[in-house]
Amino acid sequence: MIAVEANADGLIGPTHSYAGLSPGNLASSLNRGEASNPRAAVLQGLQKMRLLADLGLPQFVLPPQERPDIPFLRSLGFTGSDAAVLESAWRNAPAFAAAACSASAMWAANAATVTPSADAADGRVHFTPANLNTNLHRSLEYRQTQRSLQALFPDPQRFAVHDALPAVGHLADEGAANHVRLCADHGAPGVNLMVWGRGAFEAWDGAFPARQTREASEAIMRRHAASGAVLARQGRAAIAGGTFHNDVVCVGALDTLFFHDLAFEDVDTTRDAIRRAARGFEPIFVEVSSADLPLGDAITSYLFNSMLIQVPGEDRLSLICPVETQENPRAAAVVEGLIASNGPIGAVRYVDVRQSMRNGGGPACLRLRVVLTGTELAAANPAMRMNATLHDRLADWGSRRYRDSLIAADLADPALLVETREALDELTQILDLGGDFYPFQRA
Ligand code: SUG
């Protein structure tokens, strides 16, 4: 079967801010309290989507979620008008109010785990929205994420959009950020590398949280009836150094796995298991040593949070790296070395997603990869597909609707609540999502 790799990126929302909500994500902690620029953020994200679409990869947009999340605050007992709920929550429970304002659904790599039809026993594409229950602000995403995926992939004959796993610590799930699929070509059966940080019943004593349990990864492969599963433990040292998702130190595409030597607890066993699971191809391992790129540089440069893509018409793979990679001499040297070699990675393109990067979200965090056959691609919602026209409409929308500076105090402003709803209301028209997509539209 012939298939292509599409990307669905999270459109960055109007409340994009730096609230320091993710322990173990060093950028999030470091930039806590800084002023953000939501308008620049949304335009940067759109520019990246446009680049991918122009390179010939199908590109889709996942809408931002409704924030501030007033229904969440009401569930905590805040009452009165929406403005009163927001004001009272900020006064009495600021940590909950901050969580309710986060635009974190932008990082679509955490939206879901995806199994292409080539790997699923029933021949459908399967999605499990991630419960994201390690961090409060992210645990608010999965219901609306499910709705977004259903809007993008509406045909149940071809697409199975599951519920999230039960939202408990034992089944903590962060979606595709801990999943890498390797294959001979996209339409062929793949190896599904599922990377987990801790066991469900293990006493975890790491300084930073391990966000994915082995049991969550197993449950997803089971419910998708997915072939080619390989489970691997994330390096404990990597988590301790700030690798809150495996995709901070590892990315793969087609037959190539590109990773840092601390990514897995046991690199040799992981490599062997991938080799054994690979059908019809010999995996290529491109490992970068700590000597060439210390973990700290891997994390600040986000070299491995690049997208690794096959550009139509090119014979070697391309990296889509953040400009921060180029600015880190060691990381830039690794990239130059790869391109100069005869290895599988032959080109690099740099993108500016600095607004997202300051919260620990690089190019790969912003996208969810979905491998689709021709008929599946045709069954995806065309109104959510990026092209020059949609790019320009969304860039105009963001330029008109988004503020160019936000600090914590602004998030408590009832005027921002009105602005975000007006923006999202207009967005549902642009993306043809109907008049009841957001909770505020259904109220
Ligand atoms: O979950 N940052 C996100 C970044 C997610 C990156 N995704 C992948 N690596 N796939 C997180 O830690 C910070 C929000 C704040 O602090 O305001 C945040 O949620």
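**Reading exposure and ligand contacts**

Modeller: In this predicted model, L76 is partly exposed, with a relative accessible area of 39%.

Biologist: Where is L76 placed, and which residues make a nonpolar surface patch with L76?

Modeller: L76 sits in the loop between α3, residues 70–75, and α4, residues 82–92. Together with F96 and L136, L76 makes a nonpolar surface patch of about 240 Å².

Biologist: How should I read the words buried, partly exposed and exposed?

Modeller: Buried means a relative accessible area under 20%, exposed means over 50%, and partly exposed is in between. A237, which is found in helix α9, residues 236–240, has a relative accessible area of 47%, and therefore counts as partly exposed because that value falls between the two cut-offs.

Biologist: How many residues apart in sequence are A237 and G206, and how many Å apart in space?

Modeller: Along the chain A237 and G206 are separated by 31 residues, while in space their C-alpha atoms are 9.3 Å apart.

Biologist: Which residues are the closest to the ligand, and how many surround it?

Modeller: The ligand is surrounded by 20 residues, of which the closest are L21, S28, H137, D247 and C365.

Biologist: Which atoms of S17, S22 and N25 lie at a short listed distance from an oxygen atom of the ligand?

Modeller: For S17 it is a polar backbone atom, 3.4 Å from an oxygen atom of the ligand. For S22 a polar side-chain atom lies 2.9 Å from a ligand oxygen atom, and for N25 a polar side-chain atom also lies 2.9 Å from an oxygen atom of the ligand. Of the 490 Å² of accessible area that the ligand has on its own, the protein covers 100%.

How values were computed
Residues numbered from 1 in each chain as written. Predicted model: local features only at pLDDT ≥ 70, side-chain atom pairs only at ≥ 80, totals over all residues. Heavy atoms only, no water. Patch = residues over 30% accessible without salt bridge, like charges linked within 9 Å, V, L, I, M, F, W, Y side chains within 5 Å. Areas by Shrake-Rupley, 256 points an atom, 1.4 Å probe, with all protein chains shown as cover. Salt bridge = Lys/Arg side-chain N within 4 Å of Asp/Glu carboxyl O. Helix = DSSP H or I, 4+ residues; strand = E, 2+ residues; numbered from the N terminus. Buried < 20%, exposed > 50% of the residue type's maximum accessible area, 1.4 Å probe, protein only. Near = heavy atom within 4 Å. Polar contact = N/O pair within 3.5 Å; in protein donor to acceptor, adjacent residues only side chain to side chain.
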